[in-house]
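Work through the exercises below with the model open. Try each task before reading its solution.

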Amino acid sequence: YSELRRGGRETRIKKFDEFWKKKDTTPETAYNQVMHEFYRRVDFALTDFRTYREMNGAITDRGKIYILYGKPSSTERMLNPGGVPKEIWKYSSQNRTFTFEDPSKQGNYKLAENK
């Protein structure tokens with residue numbers, strides 16, 4: 001990210017284009033599916049993971065994980081009276097599990113465990 005921000009405007013644009021060209025799984029087409037999917041996830045995270053404290057849902061812990069990994073294979077929400085609310089996201093194809101907790105009980109879920 002810091003490398004992409006170095007240089008003048010034209011240099012930054014060129015670096016940005018080169019970055020996404022390297023990620024493109026179908027370089028023979030004009031449409032970059034990987035870039036499209038990344039920005040689709042960012043747009044989703046911006047609104048769906050916003051909280052009362054953080055209006056930009058893309059910078060919340062859940063938003064960041066969603067942007068990196070996409071929609072989880074399964075989610076489980078645990079709302080125990082007197083306990084800390086939890087959300088567990090499982091990504092079966094990648095054998096990953098993320099547990100988020102909200103000690104404030106106001107929707108501000110923080111990443112508590114990453115397996």
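**Exercise 1. Decide whether Asn 114 is buried, partly exposed or exposed, then list what surrounds it.**

Solution.
- Step 1. This is a predicted model. Find Asn 114 in strand β4.
- Step 2. Take its relative accessible area, which is 43%. Buried needs under 20% and exposed needs over 50%. Asn 114 is therefore partly exposed.
- Step 3. Look for contacts, leaving out residues up to four places away in sequence. Asn 114 touches Arg 96, Thr 97 and Phe 98.
- Step 4. Check the side chains. Those of Asn 114 and Arg 96 are joined by a polar contact of 2.7 Å.
- Step 5. Compare sequence with space. Thr 99 is 15 residues from Asn 114 in sequence, yet the C-alpha atoms are 6.5 Å apart.

**Exercise 2. Work out the strand order of the sheet and name its edge strands.**

Solution.
- Step 1. Follow the pairing across the four strands. The order is β1-β2-β3-β4, in an open sheet.
- Step 2. Assign direction. The pairing is antiparallel.
- Step 3. Pick out the strands that pair on one side only. These edge strands are β1 (74-78) and β4.
- Step 4. Add the twist. From one strand to the next, it averages 20°.
- Step 5. Zoom in on one pair. β2 and β3 run antiparallel and are joined by six bridges. Glu 87 stands opposite Phe 100 in β3.

**Exercise 3. Place helix α3 against the sheet and identify its buried residues.**

Solution.
- Step 1. Locate the helix. α3 covers residues 61-69 and lies across β1, β2, β3 and β4.
- Step 2. Set its direction. α3 runs at about 10° to β2.
- Step 3. Mark the buried positions. In α3 they are Arg 62, Gly 63, Ile 65, Tyr 66 and Ile 67.
- Step 4. Recall the helix geometry. An α-helix has 3.6 residues a turn, so residues three or four places apart point the same way.
- Step 5. Find the packing partners. The buried residues of α3 pack against α2, β1, β2 and β3.
- Step 6. Step off the end of the helix. Just after α3, Gly 70 takes a positive phi of about 85°.

**Exercise 4. Examine the positive phi values at Asn 95 and Lys 105.**

Solution.
- Step 1. Start from the rule. Most residues other than glycine have a negative phi.
- Step 2. Read the angles. Phi is near 55° at Asn 95 and near 60° at Lys 105. Both values are positive.
- Step 3. Place Asn 95. It sits in the loop between β2 (86-91) and β3 (96-101).
- Step 4. Place Lys 105. It sits in the loop between β3 and β4 (110-114).
- Step 5. Classify Asn 95. Its relative accessible area is 69%, so Asn 95 is exposed.
- Step 6. Classify Lys 105. Its relative accessible area is 49%, so Lys 105 is partly exposed.

**Exercise 5. Describe the largest pocket and say which element gives the largest share of its lining.**

Solution.
- Step 1. Take the volume. The largest pocket holds about 340 Å³ of space.
- Step 2. Go through the lining. Among the lining residues are Tyr 1, Phe 16, Trp 20 and Tyr 39.
- Step 3. Sort by element. Those giving two or more residues to the lining are α1 (9-23) and α2 (33-48).
- Step 4. Pick the leading contributor. α1 gives the largest share, six residues.

Note on methods
Residues numbered from 1 in each chain as written. Predicted model: local features only at pLDDT ≥ 70, side-chain atom pairs only at ≥ 80, totals over all residues. Heavy atoms only, no water. Buried < 20%, exposed > 50% of the residue type's maximum accessible area, 1.4 Å probe, protein only. Pairing = 2+ DSSP bridges. Axes fitted to C-alpha atoms, helices over the stretch in contact; angles between N-to-C directions. Contact = heavy atoms within 4.5 Å. Polar contact = N/O pair within 3.5 Å; in protein donor to acceptor, adjacent residues only side chain to side chain. 1 Å grid on protein atoms, 1.4 Å probe; cavity = no way out; pocket = protein on both sides within 12 Å on 5 of 7 lines; lining within 4 Å. Points joined across faces, edges and corners; volume = space filled by probe spheres on them.
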